[in-house]
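Q: I have a new structure open and would like to learn how to read it. Could you walk me through it step by step?

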Amino acid sequence: MSRGAIFLMTAMRILLQLTGAAVLILSGVPVFASETLTPPGITLQVLGKGQGYDLGKQSAAALPRDRIAFADARGMTLYTHRNDPPGKSACTDACAKSWLPAVAPTDAQTGGAWSVVTRADGKRQWAYKDKPLYTYVKDVDPGSVGGNSPARFGARRKNGAGVFVGGGIRGAGAKGGAAEAPLPADWKVALAYPVTDIRMPAGFAVKEVADAAAFALVDWRGRTLYALDEPLPAPALDCQRPCAWQPAAAPQLAEAMGDFFVVGRDDGIKQWAYKGRALYTFAGDLAPGDANGTGAHPKLAVAAVAPLFMPAGVTLRRSLNQGYVLTTAQGMTLYRRDGYIFQSGGGHSLHRGQPPRPAVGRDIGTDAHCEGQCASEWHPLAAPADARPQGFWDVATRPDGTKQWVYQGYALWTYDGDKKPGDLNGNDTFMYAFSDLPHMHGAKAPLDFGTPMDGAPALYWAIAIP
Amino acid sequence: MSRFCGLVCLLAGFAAPATAETRTFVVGWFSQATYSQDGDCPGGVNPDISRQYVRNAHLMGFTKEQIAAFGKGKGLPDSLRSLMNTRARIDGKPANPYSYPSAVVDPKLNAVSARYAYGFDLDGAAGPKSFEDPETHETGVDNELARALGCMRSFRGSLASRPTYWAWAWGQLKDSQPAWLITLSAPDFTKDGPVTITFDRALEHLRSNADGSPRADASYRIDPDPRSHNVLQGHIKGGVISLDQPGALHLLQNPLVAPEFKLSKVKMRLSLRPDGTLSGIIGGYQPWADLYFGFAAGGPTMEVCITGDIPGLYYLLKKHADADPDPTTGQNASISAAYYLESVPVFAVDAKQTVTN
């Protein structure tokens, strides 16, 4: 048997030992950062097509998440101005009419890269790494850049300013989108991702590891790296052989760079360490983005350089066959209400189903469009009255005034049909929409959630994946 | 491992269980049970979509001259196709015909009128519309789905010559849709007697051989989701399994065909073959809205390439539905149907025992 196969089997054995209850609770111990990437009131928005307006049959399965911006509580992209000196805003008068200061509340949580600057008029303005932050008056939708709404990538629909943009098939929409306006000179999007300010040896990168709710270090294969929670010189890893944890091997001639160091091991292997913590990969991670080693060793955690916000009472748990899903603290699966798109090739059934499309989630909002038994079985995930948008999380106000947590555009729900932690019994429950159905009587524009679906639409319940 | 547990249990010295042998099969082919014959569509087999679209334009009130202006030659003129993509009319305005099939003029597509169709007498009442099963020669067979769809080109075929739609659907789904498992438990499969038939969904999709055929002896984990767990009681007689009482069947499927496969008043005849496989017919009443959505969600692409006129299918299904009447309108919500499946022996394990992603 190959060494790799032995490692894999060992990793799986560890998983089996740890999953007597069929789930793993994500410990998510941040090794390198004790604070989440965003303070309350600052959110994260995927830019461009990652918002999910472009629902072509092929593109739906691969929504790019190559640029994630810091945004204000409404989801509007934040910018920095090149002419601003550190800790001060030079954008006043006419400039400030186009570029609106991102106002920080009096109780703004500063710390780390986040601070507050006081403007000449006394207003408090958020700053990131000492650069004051602004929104752009021409941005009208989350994910916009320089006034270019990502809605132009999708079906003909109204953007946040009430202007029709985009193309699509349903109805008599125009084809194609408007040309992109350039971002005004001297302005930059305040990007949270990609992370570019960490000096790294060749082969390393920081990627979004959603299963660990973090931007984390990965190796040259894209495999998630784990850091040993012991200062250097670290003791030998307590790991039954054959060990599923592999040292992140450094070339013999490798040299330190930035916060990366090379550690000599007793077995002759040179191992990379970051900020004084030895780095490992886990044999149970089979693809980029996996974080299956979470919780598999008490001293190893995903090498998260930027942990992402998770509300109290929400966690990530490994499910039986769908990877990590969002759950309540009690382990009950969380769901989103989503709009179905036709998937040639049966793609809907593939592992984890369809990726979330924040724009569609926002269109659906907190109205699950279900009545009777459906309405009685599905319950909004309540947010505290004083909850604020943060990171990928938003807070929606329901018609009765209560608050509901929203993740990446989708309001979250629990299902009465789930009887115990790990149940996914509500996943893929459909509600069709065509004119002959009782719930469609009188409806003239049913469930047309800004998607270019050319066939009959449907809503369905889907597991909330990170 | 459930397959051939009897021998293992015996060798292990266990007390003789009430069920002496269990065999599990994975469904390796699934389709509507079709028996198309020459002459079974007295009004003719419905035309291909390009000719049907011209007919639809006539029904919408377009003149010959206007239709001629759409263009001629092979293929569908874009202008005609655009018209058909919004051929529903609501308050006189164009609308999506797949979302609003009742707002489309009924093209009155032809349906089957024939003696034979696979299936079962589901209602216990032989009527003038009933069929005779070509295999068992049971009369009073209820299979209005065969009548409704049987004159559509892509739904015509036989058990051996697979209909285009179902072949397409299976080809699309078999490598992605979680597989369906059938587990039989009986004291002795070589003798007549009772049998428990369990339908489940696996966590894995169908495993195939290099030639695309279903792989025997593969291993599957049973999805614990109760929505796809069905236990039915029946008996074996002469190697053929049937139910003691009509039951219900509910399996999660895929919205490409139907999100859920639901049959009520189920009857079946499944044959244990000498080569170890299991195949046969399952019949029952099925909500026709589930089927319509499978057609309609694909919109014009599906209509042009696979199914044919989708609002026309809506009217056929609605017209021939024969069970579960709405208490107010009287419109039947379900249609009698018969499906054919082939399955090969596999191993199955309770999914709770393992967690691998």
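Q: Let's start with the overall layout. Into which domains is chain B divided?
A: Happy to help, and please keep in mind that this is a predicted model. Chain B is divided into domain 1, made of 5-42 + 109-353, and domain 2, covering 49-103. Their C-alpha centres lie 35 Å apart.

Q: Where do domain 1 and domain 2 of chain B touch, and how many residues take part?
A: The contact takes 10 residues from domain 1 of chain B and 7 residues from domain 2 of chain B. On the domain 1 side, α8 and α9 of chain B are the elements that give two or more residues. The most comes from α8(B), with 4 residues. By class, that side of domain 1 has 6 nonpolar, 2 polar and 2 charged residues.

Q: You mentioned α9 of chain B. How many of its residues are buried?
A: A general idea helps with helices: an α-helix has 3.6 residues a turn, so residues three or four places apart point the same way. Here, helix α9 (residues 310-320) of chain B is mostly covered, with 9 of its 11 residues buried. Among them are B:Ile310, B:Leu313, B:Leu317 and B:His320. B:Lys318 is also on the buried list.

Q: What covers the buried residues of α9(B)?
A: The cover includes the helices α5 (144-149), α7 and α8 of chain B, together with the strand β13 (332-350) of chain B.

Q: How should I read the contact between the two chains, and how many residues are involved?
A: As a general idea, the size of an interface is often given as the accessible area lost when the parts come together. Here we can count residues instead: 39 residues of chain B are in contact with 39 residues of chain A. On the chain B side, α6 (164-173), β9 (247-254), α7 (288-296) and α8 (299-307) are the elements that give two or more residues. The largest share, 4 residues, comes from α7(B). Sorted by class, this side of chain B has 23 nonpolar, 13 polar and 3 charged residues.

Q: Into which domains is chain A divided?
A: Chain A has domain 1 (43-193), domain 2 (196-307) and domain 3 (314-463). The C-alpha centres of domain 2 and domain 3 of chain A lie 35 Å apart.

Q: Now for sheets. In what order do the strands of the open sheet with β5 of chain A lie?
A: The order is β5-β6-β7 (chain A), and the pairing is antiparallel. β5 (114-118) and β7 (131-132) of chain A are at the edges with a single partner strand each, so one side of each has no neighbour in the sheet. Strand β6 (residues 124-128) of chain A is joined to β7(A) by 2 bridges. Across that pair, A:Ala127 stands opposite A:Pro132.

Q: Which strands are at the edges of the sheet β13-β14-β21 in chain A?
A: In this open, antiparallel sheet of 3 strands, the edge strands are β13 (205-209) and β21 (304-307) of chain A. Neighbouring strands are turned by 25 degrees against each other on average, direction ignored. β14 (residues 214-218) of chain A pairs with β21(A) over 3 bridges, and A:Ala216 has A:Ala304 as its bridge partner.

Q: Finally, what is the mean pLDDT of chain B, and where is the pLDDT below 50?
A: Where pLDDT is low, the predicted coordinates should not be read in detail. The mean for chain B is 91, and 92% of its residues reach 70 or more. Over residues 4-17 of chain B, however, the pLDDT is below 50. The model scores ipTM 0.90 and pTM 0.90.

Notes:
Residues numbered from 1 in each chain as written. Chains lettered and ligands numbered in written order. Predicted model: local features only at pLDDT ≥ 70, side-chain atom pairs only at ≥ 80, totals over all residues. Nonpolar A, V, L, I, M, F, W, Y, C, P; charged D, E, K, R; others polar. pLDDT = per-residue confidence, 0-100. Pairing = 2+ DSSP bridges. Axes fitted to C-alpha atoms, helices over the stretch in contact; angles between N-to-C directions. Domains from an automatic or database assignment. Buried ≥ 20, exposed ≤ 12 C-beta atoms within 10 Å, placed from the backbone.
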